[in-house]
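Reader: Please take me through how the helices and strands pack in this predicted model. Go closely, and keep the sentences short.

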Amino acid sequence: MIYNSFNNPGLVKVLYFLKSHNTEYLSGQDLSDVLKISRVAVWKHIKKIKELGYKIETKQKLGYRLESDSEKLLPWEITEGLKTKFIGKQAYYFDSIDSTQNQALTMTFDKENNGAVIVAEKQTSGKGRSGRKWESPKGGIWLSVILHPKFDIEIATLFPLASALALSNSIEKTLKIKTELKWPNDITIQGKKVAGMLVDASLESNKIESLVLGVGINFNVDVKQIERTLKGTPNFYGVTSLSEHGKIGMPSNLVLSFLTELERIYFILSAGETKEIIREWTKKSSTVGKEIEIKTGKETIKGKAIEIDDDGALIISENNRNRRVIAGDIIHI
Ligand code: BT5
């Protein structure tokens, strides 16, 4: 099942009229008159809206009233609620897909898709970094964002960190839950992973052609189940879900806040103000200042994490010698 934000104008019209009049009952005839669509069309849309998880109360002689919203991240819930300049102006929803990242990568050729968001209720083949698996059952927020940035390649290396910062800020703002940033792209709560980021960049002669940002958030997932499947996988250090730490509400609230924050940070990066991002990231980092062990693929470095540099690389002091690492998996000792 696939829905996009622009192919269902009738349904969206009926739904948003119900949303804006949810304290009263509206008859099929009222809706038909106001929205200038046939009564049959009204009835069909109402049926579909219910199937999509919205609760509609129907009272004889009175009509329909929207009782509650759907918990699905339907595309109009994203596009209608945003006040961004370009991120999230188009959205696509899949009830099930192999990977939103794979889907987004097939759409980067069209520059019209700049800022488009692909969401899935579950992924059958979710991806982590370096070909790893990302567990993506129902209850999580799994999405990818397509971007065609104008900033330099050097700044692009900071982008995944900046995106993690954007998500951490929005979790704090909307849910009042404090998270830490674990270098490079992880978001943790009390040391356990609650979200991960993935960036696929396509470069053309020293210029960025496109960036696809993949975001996986354990919003309301069965932690025990995920941990059982993941034990022993690379970079596994425990899983948590936002639902374990407070009232989470509808996923759309968090997604709207994240996309807004992502655009703010994107514009800061585009203006070349990397220092601001590094400062904000460091404040929330659980890595900087810690004794760590880092596996780079080639070697294991042990030492104290000193700072991140302008490119988002981690500087580690190993036996009084500073080492610079651009990618790897960290264990906090
Ligand atoms: C990441 O990789 O953390 C990037 C995750 C990005 C997922 C999103 S979902 C939407 C979009 N579409 C996709 O197909 N992917 C993106 P990495 O740092 O390599 O971490 C991978 C490791 O995290 C795995 O080896 C597991 O140990 C662990 N892991 C897998 N699923 C997890 C989950 N749901 N929660 C916490 N940890 C998980």
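Author: The crossing of α1 and α2 is right-handed. This is a predicted model. The two helices span residues 9–20 for α1 and residues 28–35 for α2. Their axes come within 11 Å and cross at roughly 115°. Angles of 65 to 115 degrees count as roughly perpendicular. α1 and α2 are therefore roughly perpendicular to each other. From α1, the contact draws on Lys13, Val14, Phe17 and Leu18. From α2, it draws on Leu31, Val34 and Leu35. Sorted by class, the contact has six nonpolar residues, one charged residue and no polar ones.

Next, the sheet. It is open, has eight strands and shows mixed pairing. The order is β1-β4-β5-β6-β10-β9-β8-β7. β1 (2–4) and β7 (180–182) stand at the edges. Each has a single partner strand, so one side of each is left without a neighbour in the sheet. From one strand to the next, the twist averages 20°.

Take the strand pairs in turn. β4 covers residues 91–97 and β5 covers residues 117–123. These two pair in the parallel sense, over six bridges. Ile97 stands opposite Gln123 in β5.

β8 and β9 pair in the antiparallel sense, over three bridges. Ile189 has Lys192 in β9 as its bridge partner. The two strands form a hairpin with two residues between them. Gln190 sits in the turn and has a positive phi of about 45°.

β9 then goes on to β10. Ten bridges join these two strands, which run antiparallel. Val199 has Leu213 in β10 as its bridge partner. This pair is also a hairpin with two residues between the strands. In its turn, Ser205 has a positive phi of about 35°.

Now the helices on the sheet. α7 (residues 159–175) lies across β6 (141–147), β7, β8 (186–189), β9 (192–204) and β10 (207–217). Against β9, α7 runs at about 140°. α9 (residues 251–270) packs on the sheet too, touching β5, β6 and β10. The direction of α9 makes about 30° with that of β6.

α9 also meets another helix, α10 (residues 274–284). Their axes come within 7 Å and cross at roughly 135°. That makes α9 oblique to α10. In α9, the residues in the contact are Arg264, Ile265, Ile268 and Leu269. In α10, they are Thr274, Glu276, Ile277 and Glu280. By class, this contact has four nonpolar, one polar and three charged residues.

Last, the domains. The assignment gives domain 1 (2–68), domain 2 (75–284) and domain 3 (291–332). Taken over C-alpha atoms, 55 Å separate the centres of domain 1 and domain 3.

How values were computed
Residues are numbered from 1 along each chain as its sequence is written. This is a predicted model: local features need pLDDT of at least 70, side-chain atom pairs count only at pLDDT 80 or more; totals for chains, interfaces and linings use all residues. Side-chain values use heavy atoms; hydrogens and water are left out. Axes are lines fitted to C-alpha atoms, for helices over the stretch in contact, and angles run from 0 to 180 degrees between N-to-C directions. Helices (H or I, at least four residues) and strands (E, at least two) are DSSP runs, numbered from the N terminus. Angles under 35 degrees count as roughly parallel, over 145 as roughly antiparallel, 65 to 115 as roughly perpendicular and the rest as oblique. A crossing is left-handed if the near helix is turned anticlockwise from the far one by less than a right angle, and right-handed if clockwise. Contact means heavy atoms within 4.5 Å. Ala, Val, Leu, Ile, Met, Phe, Trp, Tyr, Cys and Pro count as nonpolar, Asp, Glu, Lys and Arg as charged, and the others, Gly among them, as polar. Two strands pair if DSSP finds at least two bridges between them. Domain bounds come from an automatic or database domain assignment.
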